[in-house]
Amino acid sequence: MEIFKAGKNNVTFKSNEYQLAGHLYLPIGFDASKKYPTIIYSGPMTQIKEQVGAIYGRKLAAKGFVTLAFDHVGFGESEGRIRNYENPNYKMENIRDAISFLRTLSLVDRDKLYALGICASGATMAMVTMTDKRIKAFATISGYMDQTQAFYNNTPREQVVDLMTMANETRQNAYETGELDYMDVMGMDNLELDGLDEHNVMRNAYDYYMTERGGVKTYPRYEYKNPALFFEIYPQNNSIPFARYLYTPYLGLYGENALQDTAPLTLEFYNEASEPKELFEIKGASHVDLYDKDEYVDQAIDRLIIFTINIDNKFLTVFLR
């Protein structure tokens with residue numbers, strides 16, 4: 001029997017053989033006899049549910065949405081043999097199982113089950129949504145919709161070969177010894193901040209992940225280091241070639257000052273995506289500003305709610321103008 005309360009509820013569900021831990025955020029005045037619009041959330045690379053997921057979960061619940069944020073396999077409180085492995089294929093399976101879990105709950109309105117992917121989960125959620133029509137619409141915020149471009153266009157050929165070789169040798173060593181090497185895949189430890197402008201995504205990432213704002217001092221279960229295997233799989237997470245086959249309503253939200261990173265990738269995905277679709281720029285925001293700064297997060301959530309209303313109105317407003 002389901003026993004839930006308004007606010008944050010601890011939940012668990014199975015994905016393959018692993019038990020995953022989540023937080024289910026329920027609206028103020030939650031009534032167990034009612035069904036609610038529901039959002040399945042997946043967040044930025046390496047994150048756990050207590051970081052950006054908690055911010056959006058609380059704010060969406062305050063607007064009347066049930067929201068599930070959870071730790072993917074190997075992250076945070078979830079089980080998983082390989083820890084902190086940022087693998088989009090694993091995450092896609094976790095998201096599908098999270099949807100299955102949500103649909104077992106009597107409080108979930110199956111006709112109003114939406115998805116939200118932030119940063120790296122933009123591409124991951126897009127790939128899930130393309131073939132999982134249990135999701136009725138989805139949105140991305142600061143979406144890295146093409147991590148192939150993000151990696152190869154910013155990494156010299158020689159460095160690419162070196163990183164891939166290192167990842168391959170890590171795999172070989174793990175196979176032979178059972179020992180898996182971990183590394184700072186985002187380059188935070190040795191980042192040279194001098195010369196990076198205020199909107200540079202790496203400077204913004206450092207200001208978030210390497211400080212109390214979003215780092216281990218505030219979130220002790222968080223770990224920014226990944227298995228070196230990361231480099232074998234990360235550059236393959238590209239949703240743009242599949243955007244035309246989406247066939248599910250899409251909202252792309254991006255920051256005005258994310259011109260060096262996710263703004264152009266979101267625009268490219270949007271241009272390729274099937275109808276119906278909507279695009280919204282949040283003035284003054286950078287990529288990371290949309291993680292936790294109220295003045296920008298609140299704008300994103302308000303636009304997301306308008307988007308779901310338009311869907312419920314069968315596209316009579318935004319989508320068919």
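**Pockets, sheet and cavities in a predicted model**

Colleague: The lining of the largest pocket sorts into 22 nonpolar, 11 polar and 3 charged residues in this predicted model. How much space lies in that largest pocket?

Modeller: Let's build up to the figure from the lining. Altogether 36 residues line the largest pocket, and Tyr144, Ala150, Asn154, Met202 and Tyr234 lie nearest its centre. As for the space in the largest pocket, that comes to about 980 Å³.

Colleague: And which elements give two or more residues to the lining of the largest pocket?

Modeller: Start with the residues nearest the centre, among them Ala150 and Met202. Ala150 falls within the range of α4, 147–152, and Met202 within that of α6, 201–209, and both helices are on the list. The full set giving two or more residues is α4, α5 (157–177), α6, α7 (230–233) and α8.

Colleague: Moving on to the second largest pocket, which element gives the most to its lining?

Modeller: The second largest pocket has a volume of about 240 Å³. It is lined by 13 residues, with Arg81, Ile82, Ala174, Leu180 and Leu229 closest to its centre. With 3 residues, the top contributor to the lining of the second largest pocket is α5.

Colleague: How does the lining of the second largest pocket divide by class?

Modeller: Among the residues closest to the centre of the second largest pocket you find Arg81 alongside Ile82 and Leu180. Taking the lining of the second largest pocket as a whole, the split is 8 nonpolar, 1 polar and 4 charged.

Colleague: Let's get to the sheet. Which strands stand at the edges?

Modeller: The sheet is open, has 8 strands with mixed pairing, and follows the order β1-β2-β4-β3-β5-β6-β9-β10. A strand at the edge has a single partner, so one of its sides is left without a neighbour in the sheet. Reading from both ends of that order, the edge strands are β1 (7–15) and β10 (277–282).

Colleague: What does the twist average from one strand to the next?

Modeller: We're talking about the open sheet whose order starts at β1 and finishes at β10. Going from one strand to the next, the twist averages 20°.

Colleague: Now β4. In which sense does β4 pair with β2, parallel or antiparallel?

Modeller: Residue partners help place the two strands: His23 is opposite Ala69 in β4, and Leu24 has Leu68 as its bridge partner there. The strands in question are β2 (residues 18–26) and β4 (residues 66–70), and 4 bridges link them. Their pairing is antiparallel.

Colleague: On the β3 side of β4, which residue is the bridge partner of Thr38?

Modeller: β3 and β4 run parallel and are joined by 3 bridges. Thr38 has its bridge partner in β4, and that partner is Val66.

Colleague: How many of the residues of β4 are buried?

Modeller: Check both ways the side chains point: Val66, Leu68 and Phe70 go one way and Thr67 and Ala69 the other, and all are buried. Strand β4 is therefore largely enclosed by the rest of the structure, the buried tally being 5 of the 5.

Colleague: What about the helices over the sheet: at what angle does α8 run to β9?

Modeller: For orientation, α3 (residues 121–131) lies across β3, β5 and β6, at about 145° to β5. Helix α8 (residues 262–272) lies across β6, β9 and β10. Its angle to β9 is about 160°.

Colleague: Does Ala205 count as buried or exposed?

Modeller: Ala205 is in helix α6, and beyond residues up to four places away in sequence it touches Met188, Met210 and Val288. Buried means under 20% relative accessible area. Ala205 has 9% relative accessibility, so it counts as buried.

Colleague: Last topic, cavities. Which elements give two or more residues to the lining of the largest cavity?

Modeller: The structure holds 3 cavities of 30 Å³ or more, and the largest has a volume of about 90 Å³. Its lining includes Tyr41, Ser42, Ala69 and Phe70. The elements giving two or more residues to the lining of the largest cavity are β3 and β4.

Colleague: And what is the volume of the second largest cavity?

Modeller: The residues lining the second largest cavity include Glu86, Thr124, Phe230 and Tyr234. By class, that lining has 4 nonpolar, 3 polar and 1 charged. The volume of the second largest cavity is about 50 Å³.

Methods. Residues are numbered from 1 along each chain as its sequence is written. This is a predicted model: local features need pLDDT of at least 70, side-chain atom pairs count only at pLDDT 80 or more; totals for chains, interfaces and linings use all residues. Side-chain values use heavy atoms; hydrogens and water are left out. Two strands pair if DSSP finds at least two bridges between them. Axes are lines fitted to C-alpha atoms, for helices over the stretch in contact, and angles run from 0 to 180 degrees between N-to-C directions. Contact means heavy atoms within 4.5 Å. On a 1 Å grid over the protein atoms alone, a cavity is a set of points where a 1.4 Å probe fits but cannot get out, and a pocket is an open set with protein on both sides within 12 Å along at least five of seven lines; lining residues have an atom within 4 Å of a point. Grid points are joined across faces, edges and corners, and a volume is the space filled by probe spheres set on the points. Ala, Val, Leu, Ile, Met, Phe, Trp, Tyr, Cys and Pro count as nonpolar, Asp, Glu, Lys and Arg as charged, and the others, Gly among them, as polar. Buried means under 20% relative accessible area, exposed over 50%, partly exposed in between (1.4 Å probe, protein chains only).
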